[in-house]
Amino acid sequence: MQNIVPMTRPILELRPGQHLTLTPQLQQSIRLLQLSTLELEAEISQVLAENPLLERQDEAPSAEAPAESERESSVQDDEPAAERETPVDEMPGSGGVYPDEDSSRPEAARPDTLREHLLGQLMLTRAAPRDVALAGLLIDELDENGYLGSPLEEILEWLPAELEPDIDELKAALSLLQSFDPPGIGARDMAECLLLQLRNPDLDQLPEAADAAALVCARQICAQHLALLATGNAARLCAAVGCDDATFRSAHSLILRLEPRPGRAWTVPAADYAVPDVIVRKTRGGWQVTLNSAAMPKLQINGLYAQMLGNQKESAHAGLQSQLQQARWMIRNVEQRFDTILRVAQAIVQHQTAFFSQGPVAMRPLILKDIAGELGLHESTISRATTQKYMLTPFGTLELKRFFGTGVSTDGGDATSATAVQTFIRQMVADENRAKPLSDSQIMQKLADQGIVIARRTVAKYREALRIAPAALRKAQAAAR
């Protein structure tokens with residue numbers, strides 16, 4: 001007998017699911033806010049080269065002021081107005097009809113940024129789309145040194161609740177990111193950064209790691225005893241780790257070969273100057289904040305292409321329609337970026353009015369949470385809007401981050417900022433007798449005489465933040481001169 005195998009019928013089944021989706025417009029908005037002015041200019045230049053629908057606004061006189069334009073033209077020449085008119089398709093900045101005739105020299109190839117380097121590796125993975133989106137989000141949170149700038153719990157809070165994000169998913173995405181090159185990327189602190197580099201060390205780069213005992217000792221030091229290592233007390237460190245002097249020396253040599261800043265190779269060296277994003281001027285009504293027009297790119301949609309697309313059906317030229325939408329997003333996101341920076345700068349000036357009148361000694365305590373609550377924005381947004389964004393003040397061009405600092409109590413019950421205290425300490429050290437430099441205890445007493453009561457260890461912390469050597473070392477340096 002022949003067995004008859006029953007045939008299975010195909011079944012259609014609907015399975016509801018959720019995916020984390022960050023729209024391209026939102027991703028672009030977050031990225032543009034994080035960029036500095038110089039980085040924004042480079043980003044826009046690249047977009048202008050790739051998208052023919054986007055162009056810089058013409059610097060010629062606008063049609064809104066024809067009388068003024070005619071007066072200026074009459075001073076320059078006496079040609080009839082009809083002869084001075086320029087065809088629309090030949091106007092500078094319009095893109096022209098024949099863009100290939102541009103005779104300018106090609107720009108040099110731009111090296112990849114750290115973000116681009118990591119995104120390139122992310123695209124080569126076989127991770128799920130949700131994991132890829134989360135890993136890309138974490139990449140955008142990395143600082144210039146390659147460290148994760150925000151705790152995972154904080155990142156989880158500002159993700160949309162309807163997506164039901166999970167802390168375990170973020171941890172998995174972070175593990176994926178930490179497996180990328182360079183080793184140590186995505187670490188949350190120095191210890192984790194060094195341990196990531198010691199996880200699977202490259203023996204060609206780290207030959208000391210071939211010694212198993214030294215590798216175990218180095219891992220233990222990085223995990224538990226970095227503070228003790230900084231003191232230089234080798235005997236105490238050997239006792240804490242339980243190793244001999246030879247093993248400790250090999251482990252120490254291995255640790256010295258590690259990179260504490262994995263993003264160093266992609267960090268753009270700081271320029272000798274900074275372009276201010278906002279300018280503060282004193283008016284009759286007080287201190288007024290305005291955007292620096294020289295730092296604001298003026299973008300617009302190419303009128304000729306827009307008119308051509310408007311006369312076509314939506315199905316036609318789908319590629320150009322997509323570029324038109326991207327151009328609109330870029331213009332809107334650039335405007336939103338500067339609007340956010342202006343709002344944050346105005347709030348800072350309102351809180352730090354005394355600084356603009358009296359200088360750094362009058363800096364008041366201010367934290368990101370204060371500005372975020374006042375403007376109804378998230379602290380991470382305020383952080384992005386103040387990092388590498390500069391303000392032109394009567395006391396120089398300062399990064400917006402400089403206006404934030406914790407408070408220090410005074411005898412009068414008021415509070416002053418840590419920045420003001422550091423200014424006092426710097427001035428005291430600058431005016432001290434080089435042969436008899438002030439100790440931390442003496443600086444503490446002088447601050448107390450001015451009504452600022454802080455502990456000696458706090459003075460030491462502020463002094464180290466200012467990169468001022470201890471009194472004994474300053475005295476030795478003065479004697480050696």
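**Exercise 1. Decide whether Trp266 is buried, partly exposed or exposed, and find what surrounds this residue.**

Step 1. Start with the accessibility: Trp266 has a relative accessibility of 25% and therefore counts as partly exposed. Here buried means under 20% relative accessible area, exposed over 50%, and partly exposed in between, with a 1.4 Å probe and protein chains only.

Step 2. Place the residue. Trp266 lies in the loop between helix H13 (245-256) and strand S2, and S2 covers 278-283. Helices (H or I, at least four residues) and strands (E, at least two) are DSSP runs, numbered from the N terminus.

Step 3. List the neighbours. Leaving aside residues within four places in sequence, Trp266 is in contact with Asp112, Thr113, Leu114, His117, Asp181 and Pro182; contact means heavy atoms within 4.5 Å. The C-alpha atoms of Trp266 and Gly146 are 9.3 Å apart, although 120 residues separate the two along the chain.

Step 4. Look again at two of those neighbours. The peptide bond from Asp181 to Pro182 is cis, with omega near 5 degrees. Pro182 sits in the loop between helix H8 (167-178) and H9.

Before going on, a word on the model. It is predicted, so local features need pLDDT of at least 70 and side-chain atom pairs count only at pLDDT 80 or more, while totals for chains, interfaces and linings use all residues. Residues are numbered from 1 along each chain as its sequence is written, and side-chain values use heavy atoms, with hydrogens and water left out.

**Exercise 2. Work out how confident the predictor is along the chain.**

Step 1. Take the overall figure: the mean pLDDT is 80, and 80% of the residues reach 70 or more. pLDDT is the predictor's confidence in each residue, from 0 to 100.

Step 2. Compare the elements. Helix H3 (residues 66-76) has the lowest mean pLDDT, 40, and helix H9 (residues 190-199) the highest, 94.

Step 3. Mark the weak stretch. Over residues 59-107 pLDDT stays under 50, and the model has 22 contacts beyond four places in sequence for them. Where pLDDT is low, the predicted coordinates should not be read in detail.

**Exercise 3. Trace the aromatic pairs and say which residues they link into a cluster.**

Step 1. Set the rule. Rings of Phe, Tyr and Trp (its six-membered ring) pair if their centres lie within 6.5 Å; planes under 30 degrees apart count as stacked, over 60 as edge-to-face and the rest as tilted. By this rule the count comes to 5 aromatic pairs.

Step 2. Take one of them, Trp287 with Phe356: this pair is tilted, at 5.7 Å centre to centre and 40 degrees between the planes. The pair links distant parts of the chain, with Trp287 in strand S3 (residues 286-291) and Phe356 in helix H16 (residues 353-358), 69 residues apart.

Step 3. Move to the neighbouring ring. Phe355 and Phe356 form an edge-to-face pair, 5.1 Å centre to centre with 80 degrees between the planes. Both are buried, and Phe356 has a relative accessibility of 2%.

Step 4. Join them up: ring pairs link Trp287, Phe355, Phe356, Phe395 and Phe403 into a cluster.

**Exercise 4. Find which residues touch the most other members of the largest nonpolar core.**

Step 1. A nonpolar core is a set of buried Ala, Val, Leu, Ile, Met, Phe, Trp, Tyr and Cys residues joined through side-chain atoms within 4.5 Å. In soluble globular proteins, nonpolar side chains tend to be buried together.

Step 2. The largest core has 26 residues, and Val289, Val344, Phe356, Ile371, Ile382, Met391 and Phe403 touch the most other members. Strand S2, helix H15 (318-351), H16, helix H17 (368-375) and helix H18 (379-386) each supply at least two of its residues. H15 gives the largest share, 7 residues.

Step 3. Among the contacts of Phe403 beyond four places in sequence are Ile348, Phe355, Phe356 and Met391.

Step 4. A second, separate core of 21 residues includes Leu114, Leu122, Leu134 and Ile155.

**Exercise 5. Locate the positive phi values of Gln388 and Arg467.**

Step 1. Most residues other than glycine have a negative phi, and most peptide bonds are trans.

Step 2. Gln388 has a positive phi of about 60 degrees. This residue lies in the loop between H18 and strand S5 (390-393) and is partly exposed at 28% relative accessible area.

Step 3. Arg467 has a phi near 60 degrees. Arg467 belongs to the loop between helix H21 (456-465) and helix H22 (471-480) and, at 80% relative accessibility, counts as exposed.
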